[in-house]
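Work through the exercises below with the sequence and the model at hand. Each task is followed by a stepwise solution.

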Amino acid sequence: MASLSALARDLSNALDRTRIMREADLPPDPWQVDLLESDHDRHLVMCSRQAGKSTTVAGLALNQAFYDPGLILLIAPAQRQSVELFKKVREIYGRQTGAPKIVNESAMRMELDNGSRIIALPGTEATIRGYSAPKLIVIDEASRVEDALFAGVRPMLATNQGRMVALTTPYGRRGWFYECWEHGEGWQRTKITAHDCPRIAPDWLDNERRMLGEWQYKQEFECQFVDTEEQFFSGELIEAALRDTGGPLWM
Ligand SMILES: Nc1ncnc2c1ncn2[C@@H]1O[C@H](COP(=O)(O)OP(=O)(O)OP(=O)(O)O)[C@@H](O)[C@H]1O
Ligand SMILES: [Mg+2]
């Protein structure tokens, strides 16, 4: 039987959702604290490059795995990226004391002795089917995740109260993330520009602005949806057309 002090430690850890990041020497920024402590079941986070999206998602996945065991799915535009995200999860896991033990692991998944499974999925719709009732789905680089993949993932939450948290730097006025951010219902939205990240220095940002040009700087660091360079029709034209046809199917 677990000792009283072990139970007390588990309880206080479960109540402090920032502990996992702190234990990995990553004291969370205020926005990271807000996200770790949020209970919204649908959350969109639009974020500057290098603000700490993947790190926060890793902390979020481990909080879920330790304190409310179940299936956790990591999604990214391509398998290479979801594997990178999984590596972050594994790295932060490795810096925890008293965590549930790993009973099974590979380069894309880990299973804990409390029954939790964290699985990095490939980035194509055809290969993600078969998982049901995840407790948490995290989508990293969400604006680059294809609409078909997003449409394939959503039904997994049909029968339970699982959460979906999507983090991304914007990528044009197109795709499911943009549509959900602009028009979707039932989503909590959080926006974090480079100025909100204490690790990004203002003079470094000024230099990036000069190097990248206004268009790309706005997208990468100021969280603005700008039309992609290759886009043949402008976002405004496309929006007008969608208004006339009733909008996309996932809304
Ligand atoms: N709270 C924190 N304290 C200290 N370092 C942090 C914190 N959050 C993130 N970092 C560090 O900042 C860097 C960027 O983090 P991360 O890769 O999570 O950002 P990102 O937003 O996913 O970046 P990208 O836009 O390139 O995908 C990493 O070196 C990470 O360890
Ligand atoms: Mg990242």
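The exercises treat two pockets and a ligand. This is a predicted model, in which local features need pLDDT of at least 70, side-chain atom pairs count only at pLDDT 80 or more, and totals for chains, interfaces and linings use all residues. Residues are numbered from 1 along each chain as its sequence is written, chains are lettered from A and ligands numbered from 1 in the order in which they are written, and side-chain values use heavy atoms, with hydrogens and water left out.

**Exercise 1.** Describe the largest pocket and its lining.

Step 1. A pocket is an open set of points on a 1 Å grid over the protein atoms alone, where a 1.4 Å probe fits, with protein on both sides within 12 Å along at least five of seven lines; lining residues have an atom within 4 Å of a point. The volume, that is, the space filled by probe spheres set on the points, is about 500 Å³ here.

Step 2. The lining counts 19 residues, with Gln50, Gly52, Ser54, Thr55 and Lys88 nearest the centre.

Step 3. Helices are DSSP runs of H or I with at least four residues, numbered from the N terminus. Both α4 (53–67) and α5 (79–93) supply at least two lining residues, and α5 has the largest share, 4 residues.

Step 4. Sorted by class (Ala, Val, Leu, Ile, Met, Phe, Trp, Tyr, Cys and Pro nonpolar; Asp, Glu, Lys and Arg charged; the others, Gly among them, polar), the lining holds 8 charged, 6 polar and 5 nonpolar residues.

**Exercise 2.** Locate ligand 1 and list its polar contacts.

Step 1. Ligand 1 takes the space of the largest pocket, by the criterion that more than half of its atoms lie within 2 Å of the grid points.

Step 2. Around ligand 1 are 16 residues, of which Arg49, Gln50, Lys53, Thr55 and Lys88 come nearest; a residue counts if one of its heavy atoms lies within 4 Å. α4 gives the most to this shell, 3 residues.

Step 3. Polar contacts are pairs of N or O atoms within 3.5 Å. A ligand nitrogen is 2.9 Å from a polar backbone atom of Pro27. In the side chain of Gln32, an N or O atom is 2.9 Å from a nitrogen of ligand 1; for the side chain of Arg199 the distance is 3.3 Å.

**Exercise 3.** Which helix gives the largest share of the lining of the second largest pocket?

Solution. α4 does, with 4 residues. The pocket has a volume of about 210 Å³.

Technical notes
A polar contact is a pair of N or O atoms within 3.5 Å; within protein, one must be able to donate a hydrogen and the other to accept it, and residues adjacent in sequence count only if both atoms are side-chain atoms.
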